[in-house]
Amino acid sequence: MAPAAPVAPAGSPSLERLIQLVADDVRALKPEPPIALHLSGTSAELQRAAGTLLAARLSFNQMAPLVLDAPSPEAAESLARERGARSLVRLTISVQNGELAARGDLLGTWVNFWSGRTQTRPSLPAAALVRAVEADAGALALAALSPLTASSPSMTVTTGPRQVRLMGAVLVRLEQVPAALATGDLDGDGKDEVAVLTERAVSVFAADGRVLARRELDGLPLSPAPPREPFGVMAVIPQPARLAVWSARYAHGEVLVFDAAKGSLRPIGPLDTAPLGATERGTFTSGQTTFTPEVRLGEGRILTVPAPFTSASLAPPRMLFVHLDGSASLYARPTAPPVRIPGLGAGSALGDLDGDGTPELITTSPQLFPAPDVVRVYPLSGDDPTTHGMLWQSILPAGRALHVVTADLDRDNHREVLVGLWHSDGTGEIFLMRQGAP
C-alpha cells in the first residue's frame, strides 16, 4: 500500500501552496538524496515553518531531507558535505509587496575524489529556484513575529524620528466594493475584529480573514435620495461593545450586537445619525458621497468643519476630516483651530503604528484613479505633518483605495493598517498591513 501524502499542518494556506510549488520543482530536477535544506529570511518563525513543510513534502518522496542550521547560505554548503548530504537546497523566504516568495538554488555537494583538496561541485544538479504566491494573513502573521532588521527598496524610510515598516497581504476578497470599514473589540477578547460594510450588507471578520458574522440590510427602508456609489459609515460603540452601521442606500442605520457563539449580528435599535466615532455623529449630504460640515461631538457641542467631508478619522482628542478637493482639516483637539493639509486621499486615518502613544497619519493618493495607488505614513506634529518627511510609503495593489482604518488584531500595542480597495469589475478587497520587514 502506498504511503499517505503528508497532511499539511494548520497555518497559512499561502505558505503551503508556495512550499508545494518549490517541492515540485525540486523533485523535477531529480537531485541525489540525502538532500540538505537551508532556509533564511528576516523571520525565524516563517523560515522555520517553511523548512518543516518542505522537509515533510520531500520526505514523502524518499529524498531523506535534512534541515540545516547554518549561519549563512555559503556556510550551508560545507555543513551539508559534513553531514553526508549529496544535494543542497538554499532558499530565502520573504513577504514583500503582497507576495510570499521563495528564492534560491539547488546544487550538488558531492566532491570529486580526483579534485584533491579543491572541493569542486558536480555539474548536476544546478538550478535556480524562484517561486511566489499571493501572501495571506497567516503568512503575514508569521513574518511579523521576529525582530526587524532588514529593509527593501520599496520600504526604505529614513526621514522620520521613528521607524515604521509594514508588510502587506490580502485579508478578505469581497464580491462587492466596500462602503465603509470599522475595527474594534466586539467580543471582549481584547483583540479587534474587522467590520466591512458593503452597499447592502455588513460582515465581521477575524484577524485571519475568517467571516464571523454577516447581516443583510435589505429589510431597512430605502433612502429617498441615495448616492450613486456605495457609501456609508460605521463605528464601534464601547461598554458594552456595539456596532453602529449605516449604508447611505437606506433611510436609517442600525445598532448591532455581535454574538460570537451564534455567529450573528443582532439588531438592538435604529440609528438616525451617521456614526463618525463612538460618540461623534454626522449627517449624510443628500444624494452625495459626503457628510455635511456639522459634527455633533460627544458632549453635544456642534463642531463646524471648513467644508463637507468624505471621510473622518478620530483618535481622541485628535480629529481628521478629508474634503472633496483632497485637502483635510486636522484638529489637535476640538477647541483648537484646524490645520489644513493638502494632498490627502479619501483613504486616510489616524493610528498609533509604533506604539509610542501618539498617532501617525496614514493616507493614500488624492487622485481619483491613481496608477498605482500609494499608502504613506507621516508623523503628527503641530502643523502640516506632510512637510516633515514620511515615515514610510509603498505601492498598494491595483484598485482605488478609498477606506483606511487601523486595528490592534493581536494585542501587541502596534496597530495594523487595513485598506479598502475598489476594483473596476465591481468587486473589492481588504488589504492588511502589519509591522514587519520583508
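Biologist: Why is R215 called partly exposed?

Modeller: This is a predicted model, and in it R215 has a relative accessibility of 23%. The partly exposed class runs between 20% and 50%, so R215 falls in that class.

Biologist: And what makes E254 buried?

Modeller: Its relative accessible area is 8%. Buried means under 20%, so E254 qualifies.

Biologist: How do you know that E254 and R215 meet in a salt bridge?

Modeller: Their side chains come to 2.9 Å, N to O. The cut-off is within 4 Å, so the pair counts as a salt bridge. The pair links distant parts of the chain, with E254 in strand 13 and R215 in strand 10, 39 residues apart.

Biologist: What makes R415 and D192 a salt bridge?

Modeller: Here the N to O value is 3.7 Å, and that is within 4 Å, so the name applies. R415 lies in the loop between strands 27 and 28, D192 in the loop between strands 7 and 8, so the pair ties together parts 223 residues apart in sequence.

Biologist: Are those two buried or partly exposed?

Modeller: R415 is at 25%, so it's partly exposed. D192 is at 12%, under 20%, so it's buried.

Biologist: Why is T364 called buried?

Modeller: T364 has a relative accessible area of 0%, which is under 20%, so buried it is. T364 sits in the loop between strand 24 and strand 25, and its contacts include L344, D373 and V404.

How values were computed:
Residues are numbered from 1 along each chain as its sequence is written. This is a predicted model: local features need pLDDT of at least 70, side-chain atom pairs count only at pLDDT 80 or more; totals for chains, interfaces and linings use all residues. Side-chain values use heavy atoms; hydrogens and water are left out. Helices (H or I, at least four residues) and strands (E, at least two) are DSSP runs, numbered from the N terminus. Buried means under 20% relative accessible area, exposed over 50%, partly exposed in between (1.4 Å probe, protein chains only). Contact means heavy atoms within 4.5 Å. Lists of a residue's contacts leave out its neighbours within four places in sequence.
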